[in-house]
Amino acid sequence: MPQHPVPHREPHHEPLLRRLEPVRRRLFAIRLIRRAAAGLLAGSSAALAALAAARFLPVPEAPTIAAAIALTGLAAGAAAALRPRIDVRTAARVMDGAGTDDALVTALDMLHLDTPVARLQRADAEAAAARFAAVLGERLPWPGGRERRLYMAGLAAVWLAAAVLLIVPNPMEERLAAGAALGDEIGKIERALDELDRTAGLSERDRKALTEPLSRLREQALRKDAEALRADWEAAEREMARLASELHEERQALRAWAQELQRSPGLEALGRAL
């Protein structure tokens with residue numbers, strides 16, 4: 001449908017446009033309520049799905065993420081109410097469709113004219129708009145009745161299900177806590193290895209051998225339950241202790257060999273280098 005922009009307002013425009021403005025605002029408010037409510041329901045349903053998924057997958061801060069999803073849905077619905085813009089011509093079409101018999105749209109089309117016929121048309125349109133405004137609540141009621149009851153029942157069901165998921169203990173939370181504790185322990189060991197590297201020096205091969213069990217644990221941290229992770233951690237500790245013992249023995253043997261070389265004539269420099 002072609003657009004018919006309202007021309008620059010003249011004094012004789014004002015009475016009719018004032019009659020249309022409350023209807024335009026009412027239409028926008030109804031649209032805002034409907035779309036924001038739809039966005040809230042869609043966002044809450046997506047949040048419920050996220051909470052359900054967090055019981056099978058380790059998702060840190062799942063409740064916070066779910067709340068953000070629900071609020072995003074509400075905001076998106078409210079933003080959707082801004083377009084397309086509801087102007088006075090839209091309000092006039094709605095009023096004409098509700099019983100003013102095209103009087104308002106016709107008056108808007110003739111708004112730029114100041115002929116006797118145009119003035120008569122505006123007077124009829126203003127009277128029709130006044131009658132419409134007198135029963136605005138009946139002609140353009142707020143969302144209610146069966147529609148509102150069904151919406152509230154659906155939203156309540158979604159929120160109730162979300163509350164149950166939040167109250168019932170989540171098995172993934174124990175796994176996340178175990179993974180976080182393991183991460184702290186791994187960080188301490190890695191810092192100790194860095195300190196050892198600075199003071200005694202570690203070859204790339206030795207450092208890789210010592211950190212390989214940690215790398216495997218880090219990869220498995222969120223895939224296993226707490227008991228299995230604890231068993232893996234104890235196995236990794238034993239493996240690292242064995243590797244550290246072997247490294248210590250190698251260094252002791254190398255030190256003894258170097259000292260022996262320093263006592264041998266002609267090999268003192270090699271012994272000192274070792």
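A residue is called buried when its relative accessible area is under 20%, exposed when it is over 50%, and partly exposed in between, using a 1.4 Å probe and protein chains only. Keep that in mind for the tour. What you have open is a predicted model, in which local features need pLDDT of at least 70 and side-chain atom pairs count only at pLDDT 80 or more, while totals for chains, interfaces and linings use all residues. Residues are numbered from 1 along each chain as its sequence is written, and side-chain values use heavy atoms, with hydrogens and water left out.

**The whole protein**

Start with a cartoon view. You will find 11 helices and 0 strands; helices (H or I, at least four residues) and strands (E, at least two) are DSSP runs, numbered from the N terminus. Of the 274 residues in the protein, 30% are buried. Now think about contacts, meaning heavy atoms within 4.5 Å. Among contacts with a separation of 6 or more, 70% are between residues 24 or more positions apart.

**Stop one: Ala62**

Select Ala62, in helix α2 (residues 62–80). Is Ala62 buried or exposed? With a relative accessible area of 10%, Ala62 is buried. Show its surroundings next: setting aside residues up to four places away in sequence, Ala62 touches Leu51 and Ala54. Then add Leu166, which is 104 residues from Ala62 in sequence but 9.5 Å from it in space, C-alpha to C-alpha.

**Stop two: the salt bridges of helix α1**

The structure holds 4 salt bridges, each a side-chain nitrogen of Lys or Arg within 4 Å of a carboxyl oxygen of Asp or Glu. Select Glu21, Arg24 and Arg25, which are linked in a network of these bridges. Between Arg24 and Glu21, the closest N and O atoms are 2.7 Å apart. These two residues are 3 residues apart in helix α1 (residues 14–53), so about one helical turn separates them. Glu21 also meets Arg25 in a salt bridge, at 3.8 Å from N to O. Here the spacing is 4 residues in helix α1, again about one helical turn. Colour by accessibility and compare the two arginines: Arg24 is buried at 18%, whereas Arg25 is partly exposed at 46%.

**Stop three: Arg89 and Asp109**

Move on to Arg89 and Asp109, whose side chains form a salt bridge at 3.0 Å, N to O. This pair links distant parts of the chain, with Arg89 in helix α3 (residues 88–100) and Asp109 in helix α4 (residues 103–109), 20 residues apart. Arg89 is buried at 5% relative accessibility, while Asp109 is partly exposed at 36%.

**Stop four: Arg26**

Return to helix α1 and select Arg26. How far away is the nearest side chain of opposite charge? That side chain is Glu138, 10 Å away, and Arg26 is buried yet has no salt bridge. In this count Lys and Arg are positive and Asp and Glu negative, with His and the chain ends not counted.

What does Arg26 have around it? Show the backbone oxygen of Leu140, which lies 2.9 Å from a polar atom of the Arg26 side chain. Leaving aside neighbours within four places in sequence, Arg26 is in contact with Leu136, Gly137, Leu140, Pro141 and Trp142. Finish on Trp142: Arg26 lies over the face of its ring, 4.2 Å from the ring centre. A charge sits over a ring if NZ of Lys or CZ of Arg is within 6 Å of the ring centre and within 35 degrees of the ring normal.

Definitions and conventions. A polar contact is a pair of N or O atoms within 3.5 Å; within protein, one must be able to donate a hydrogen and the other to accept it, and residues adjacent in sequence count only if both atoms are side-chain atoms.
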